[in-house]
Amino acid sequence: MRQIWITRAGPPEVLEVKEAASDPEPKSGEVRIRVEASGVNFADILGRMGLYPDLPPIPVVPGYEVAGRVDAAAAGLDDWVGRDVVAMTRFGGYADIVCVPVKQLFARPAGMSALEGAALPVNYFTAWQLIVVMGGLKRNETVLVHSAGGGVGIAATQIAKHLGARVIGTASAAKHAELRALGVDDLIDYRTEDFETRARQITGGRGVDLILDPVGGESWRKGYRLLAPAGRLGAYGLSAAAAGKARSLIGTLTVLGRIPWFQFNPLGLMGANKGVFGVNLGHMWGEIDRIREWADRLFDLWKQGVVKPKIAKTFRFNEAVQAHHFIQDRRNIGKVLLVP
Ligand SMILES: NC(=O)c1ccc[n+]([C@@H]2O[C@H](COP(=O)([O-])OP(=O)(O)OC[C@H]3O[C@@H](n4cnc5c(N)ncnc54)[C@H](OP(=O)(O)O)[C@@H]3O)[C@@H](O)[C@H]2O)c1
């Protein structure tokens with residue numbers, strides 16, 4: 001078995017491919033997957049930088065999702081052997097062989113490639129929880145999608161357009177033409193323009209109904225102000241903390257200092273008719289049955305051509321360092337994958 005390890009906290013170069021002495025065997029309730037693709041998520045990058053509290057102690061093999069074929073199973077699960085699957089992994093997904101509990105396993109619909117499969121769980125489950133489950137987005141409402149060119153951003157745009165909403169996206173300028181073609185109605189280059197001012201202009205001064213914000217810090221403060229009456233702000237990440245490619249105490253403290261710790265108090269929310277909620281898919285392990293229902297809906301939407309995972313680029317395992325650079329250089333439009 002080959003795995004990609006975070007050997008210590010630091011820049012992408014701390015990632016190393018290592019060969020394990022033997023392949024893992026599925027324990028009771030588990031199947032073993034020959035991995036054909038592993039998803040790279042921003043959380044892996046924060047983890048590599050030593051900024052992700054959920055990551056088990058370093059050295060560690062990161063990775064939340066894989067797609068491949070089951071090649072062995074514990075007693076009673078033989079039906080799975082030979083099937084093409086997608087799985088959520090509780091870390092350890094950067095590997096060419098993984099064992100996972102059957103609850104975290106999803107049969108891949110006929111015709112869905114391993115690349116599409118590996119691009120789906122984290123991005124689409126997160127977007128679904130933000131937009132449908134907690135954000136309650138409705139036809140003709142306006143949603144502001146930050147990091148619109150990222151994996152979650154593109155998933156969110158597809159779901160929001162399907163619901164009949166208007167999408168305003170923020171992204172680096174080089175991505176705008178392609179994101180427009182992918183369905184984003186209005187784009188803001190938040191690195192050169194103030195997104196709050198621009199979004200207010202775009203909405204004729206009204207503000208927006210739903211905001212999906214994984215940037216955090218000052219961005220949450222501005223987003224809250226930008227909400228229209230009955231608007232909702234979904235906080236689901238803190239990418240602003242990744243100021244460089246290695247951990248910077250001063251950079252992190254600056255971002256933490258800009259979080260509006262006291263602004264969203266109950267009386268303030270009530271008086272303003274605004275809602276604030278948070279999403280962390282990595283803390284939903286106790287809700288797998290619900291997530292399985294979301295997966296059924298999303299696989300149906302995939303069959304209808306609504307859900308279309310966009311692969312930005314695939315990297316071989318020995319190019320994992322470049323994969324992390326590629327994301328941190330803000331070059332990805334869509335999902336970045338590792339293939340063994
Ligand atoms: N809470 C959850 O359950 C959950 C689940 C999945 C993802 N997330 C969060 O959602 C965000 C997007 O995740 P993703 O996996 O979809 O990532 P991704 O697609 O790979 O997004 C990377 C993009 O984020 C933008 N970005 C914003 N700040 C950045 C920074 N400081 N350094 C580098 N890039 C930055 C860049 O695009 P632009 O320059 O175009 O903005 C970059 O291309 C991340 O913050 C992640 O932690 C949260």
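Start by selecting helix α3, residues 121-134, in this predicted model. Leu-130 is found in that helix. Color Leu-130 by accessibility and you will find it buried, because its relative accessibility is 0%. Now show its neighbors. Leaving aside residues up to four places away in sequence, Leu-130 touches Gly-135, Val-152, Leu-210, Leu-212, Gly-234, Tyr-236, Phe-277 and Val-279. For a long-range view, add Asn-280: 150 residues separate Leu-130 and Asn-280 in sequence, yet their C-alpha atoms are 9.7 Å apart in space.

Next, select Phe-125. Which residues does Phe-125 touch, beyond those up to four places away in sequence? Look for Met-88, Phe-106, Leu-120, Leu-281, Ile-291, Trp-294, Ala-295 and Leu-298.

Phe-125 is also a good way into the largest nonpolar core, which has 81 residues. Alongside Phe-125, the residues with the most contacts inside this core are Val-143, Leu-179, Leu-212 and Leu-338. Now highlight helix α10, residues 288-303: this helix gives the most to the core, with eight residues. Apart from that core lies another, of 15 residues. To find this other core, select Phe-195, Ala-199, Val-208 and Ile-211, which are among its members.

From there, go to the loop between α6 (195-202) and β11 (208-213), and pick Gly-207. Is Gly-207 buried or exposed? Gly-207 counts as buried, because its relative accessibility is 1%, and buried here means under 20%. Its contacts, not counting residues up to four places away in sequence, are Arg-200, Leu-226 and Ala-228. You can also draw a C-alpha to C-alpha distance from Gly-207 to Gly-223: the two are 16 residues apart in sequence and 9.4 Å apart in space.

Now switch to cartoon view and select strands β8 (residues 142-145) and β9. The two strands pair in the parallel sense, over four bridges. To see one pairing up close, pick Val-145, whose bridge partner in β9 is Gly-169. Strand β9 spans residues 166-170, and four of its five residues are buried, so the strand is largely enclosed by the rest of the structure.

Finish on the outside by turning on the surface. Leu-249, Leu-253, Leu-256, Trp-261 and Phe-262 make a nonpolar surface patch of about 630 Å². Zoom in on Leu-256, which sits in helix α8 (residues 249-258). Leu-256 counts as partly exposed because its relative accessible area is 32%.

Terms used
Residues are numbered from 1 along each chain as its sequence is written. This is a predicted model: local features need pLDDT of at least 70, side-chain atom pairs count only at pLDDT 80 or more; totals for chains, interfaces and linings use all residues. Side-chain values use heavy atoms; hydrogens and water are left out. Patches are made of residues with over 30% relative accessible area and no salt bridge: like charges are joined within 9 Å, nonpolar side chains (Val, Leu, Ile, Met, Phe, Trp, Tyr) within 5 Å. Accessible areas come from the Shrake-Rupley method with a 1.4 Å probe; for residues, only the protein chains shown count as cover. A salt bridge is a side-chain nitrogen of Lys or Arg within 4 Å of a carboxyl oxygen of Asp or Glu. Buried means under 20% relative accessible area, exposed over 50%, partly exposed in between (1.4 Å probe, protein chains only). A nonpolar core is a set of buried Ala, Val, Leu, Ile, Met, Phe, Trp, Tyr and Cys residues joined through side-chain atoms within 4.5 Å. Contact means heavy atoms within 4.5 Å. Two strands pair if DSSP finds at least two bridges between them.
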